[in-house]
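Open the model in your viewer and keep the selection panel at hand. Each stop below says what to select and what is there.

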Amino acid sequence: MNPVEKLVLGGVEFDSRLLVGTGKFASTDVMVKAIAASGAQLVTVALRRVNPERPSDDLLGPLTKLNITLVPNTSGARNAAEAIRAARLGRELSGSRFVKVEIHPNPHHLMPDAIETYEASKVLAREGFIVLPYMPADPVLAKRLEEVGCAAVMPLGSAIGTGHGMTTAEMIRLIIADSGVPVIVDAGLRAPSEAAAAMEMGCGAVLVNSAIAAAGDPVGMANAFAEAVKAGLAARRAGLMSRSTHAVATSPLTTFLA
Amino acid sequence: MKRNENSVTIPDDVDPGRWMDLARSASADDVRRALDCPMVGEADFAALLSPAAGGVLEELAQRARARTQAHFGRTIALYVPLYLSDYCSGGCTYCGFASDRGQARHRLEPDEILREFEAIAAMGFQEILLLTGERTPKADYPYVRDAVAEAARHFAAVTVEAFPMTTEEYRGLAAAGCVGVTLYQETYDPVPYERLHRWGPKRDYVQRLAAPARVLESGIRFAGLGALLGIADPIFDVLSLYRHALQLRRRFWQSGVSISFPRVCPQEGGYVPPHPVSDRFLAQIIFAFRIAMPDVPLSLSTREQAAFRDGMAGVGISKMSIASRTTVGGYQAHNASPDGQFHVSDDRDVASFCAALEAKGLEPVFKNWDKVFR
């Protein structure tokens, strides 16, 4: 059997296909245990939750002690200029070249702004960041972001925190079909089965936060997602049988042909 | 339509008139529909305020908690208020700072403000709410703006609860580093509004009602809304508040609204609220808002008792103040005047409140913003 190919982002290789977010946890202790259970190597952290002045309130401090790659995100930015400033500050504080560009001008539904995301990604990729843009599930935008140097594209499955699953599955299929960079489904997943489905479909990875943090047992759920992502990838590699949408006709229609 | 003696009426896009009957007499089926529909609309919100919905309060609470957790996680954002001044030109019947109250007035001078900020920052807070009374020469726009600019050096998030300002003044606050402005309409019903606000600029109902739109127009990110529950018909006020929030969300898509639930309790300063709101009904109002607006920050202050606050934390409520003083200053030394604007019912310190949240499986969050987003 061939060794499982790794997830490659900006030239850096990762074994884990599960990225996790760090917001919404009941305590730092649970967050750290959930990250360990998830096996995630890439972990996102919001700059606005970085608070070195009060270590008990700071998400960055505990994360720097783990053997993971930090991905600061720009959550809170409502345009490209703010996201660029936040990305630079995030790099300074975390020492990581990775950035998740997250620009949601509407603080309620938190849907990403395609135009500002494109502008910020273009500048940050040029500055040497490994850019992971959170984006609407739009196949054209995905190619545009790839063209300006993003290391992956991160289309949403559904709105952040809703747990509605892969409501954008059709668009994500189109994105995967044409993408030259890994496609990472970000936001909206609720169940490990949905993560498995995303991997079977051809996603390079999935990013999960709320589904783990808001689960009855976040550590158990982190582990379940890790297993599901592995199962989905294994299924894709094994080759799913073709799906038949109708029964085979008993009276063939082509007997008149030679 | 309600019309006061000066012929002031509530604007159509806030007027709750058509939903009043439903809020008073929705059937069990109406409530069930509201709970089961994927997108809660105005009629559903009204039904959730009804006595029939009050009969299934536990189910409302379960929904509210699930929605709070999905959007805000198992966290409670913390903030602290600082009263800069208790000078006031207003004549609000229900308020401890009304201009006919005999108490000596104070305002913090720049050096005192600085010491208060340092003391508050040392308590760990990263979000501060600066308050004043109605506009007076002692506490005017430049005074508030300068305090915001200084606060922005000490805190990640600075918000203001003061008098209604012009759009230009709000732009000045935004430039100084203000991320949110809270302004309660007190009551949306123009008839009691006129009776309760006896003199001063606050008599202008329309001006005040339009202020949150000016806040968002100026580029400030959050407008905080609220009605002072108990001073008028709470059904009318809560429905209006909901419609006001809806209207602002539609109009200012790049901004946010947040909602607070100040309640006047009978024992305060001799004022007896004519429409007292019970704990159960206040909880129902908060659950209804959370179910109808799953992504809007809902805030509860230390006006409320510790047991009620602990019960509501994470069950609808996503944001809370703690260790509050409602006197002018008072954080850096205990030399503030004894008379606050309202009575602080939950007087726990930061550590014991955080311990109570943690015992409920909630993480207190002190910093949820960054100076880089100014």
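**Stop 1: where the chains meet**

Start at the contact between the chains, which takes 27 residues from chain B and 29 residues from chain A. Keep in mind that this is a predicted model. Which elements of chain B each supply at least two residues of the side that touches chain A? Select residues 57-72 and 363-365 of chain B: these are α5 and β9, and each supplies at least two. The largest share comes from α5(B), with 3 residues. Now colour the side of chain B that touches chain A by residue class. You should find 9 nonpolar, 10 polar and 8 charged residues.

**Stop 2: chain B as a whole**

Hide chain A and show chain B as a cartoon. Chain B has 14 helices and 9 strands. Its radius of gyration is 20 Å, close to the 21 Å that the globule rule gives for 374 residues, so chain B is as compact as a globular protein of that length. Turn the chain along its principal axes: the C-alpha atoms fill a box of roughly 60 × 50 × 40 Å. Buried residues account for 55% of the 374 in chain B. Take the contacts in chain B between residues at least 6 apart in sequence: 74% of them join residues at least 24 apart.

**Stop 3: chain A as a whole**

Swap the display to chain A. Here there are 9 helices and 10 strands. The C-alpha trace spans about 80 × 40 × 40 Å along the principal axes of chain A. What radius of gyration does chain A have? The value is 19 Å, which agrees with the figure near 18 Å for a compact globule of 258 residues. Of those 258 residues, 52% count as buried. For contacts in chain A between residues at least 6 apart in sequence, 60% join residues at least 24 apart.

**Stop 4: helix α1 of chain A**

Select residues 28-38 of chain A, which form helix α1. Which of its residues are buried? Show side chains for Met31(A), Ala34(A), Ile35(A), Ala37(A) and Ser38(A): these are buried. They cover an arc of only 165° around the axis, so they lie on the same side of α1(A). Next, add what covers them. The cover includes β3 (18-20), β4 (42-46), α8 (210-213) and α9 (218-238) of chain A. Then step past the end of the helix. Gly39(A) follows α1(A), and its phi is positive, near 70°.

**Stop 5: a loop residue**

Jump to Glu127(A), in the loop between α4 (114-126) and β7 (130-135) of chain A. Glu127(A) has 14 C-beta neighbours inside 10 Å, so it counts as partly exposed. Draw a C-alpha to C-alpha distance from Glu127(A) to Lys24(A): it reads 31 Å, and the two are 103 residues apart in sequence.

**Stop 6: two crossing helices**

Finish with α5 (residues 139-147) and α6 (residues 169-178) of chain A. How do their axes cross? The axes come within 9 Å and cross at roughly 35°. The crossing of α5(A) past α6(A) is right-handed. Show the contact residues as sticks. From α5(A) come Pro139(A), Ala142(A) and Lys143(A), and from α6(A) come Met171(A), Leu174(A), Ile175(A) and Asp178(A). Coloured by class, the residues of this contact divide into 5 nonpolar, no polar and 2 charged.

Methods. Residues numbered from 1 in each chain as written. Chains lettered and ligands numbered in written order. Axes fitted to C-alpha atoms, helices over the stretch in contact; angles between N-to-C directions. Helix = DSSP H or I, 4+ residues; strand = E, 2+ residues; numbered from the N terminus. Left-handed = near helix turned anticlockwise from the far one by under 90°. Contact = placed C-beta atoms within 7 Å. Nonpolar A, V, L, I, M, F, W, Y, C, P; charged D, E, K, R; others polar. Rg over C-alpha atoms; globule rule 2.2 N^0.38 Å. Buried ≥ 20, exposed ≤ 12 C-beta atoms within 10 Å, placed from the backbone. Arc of directions from axis to C-beta.
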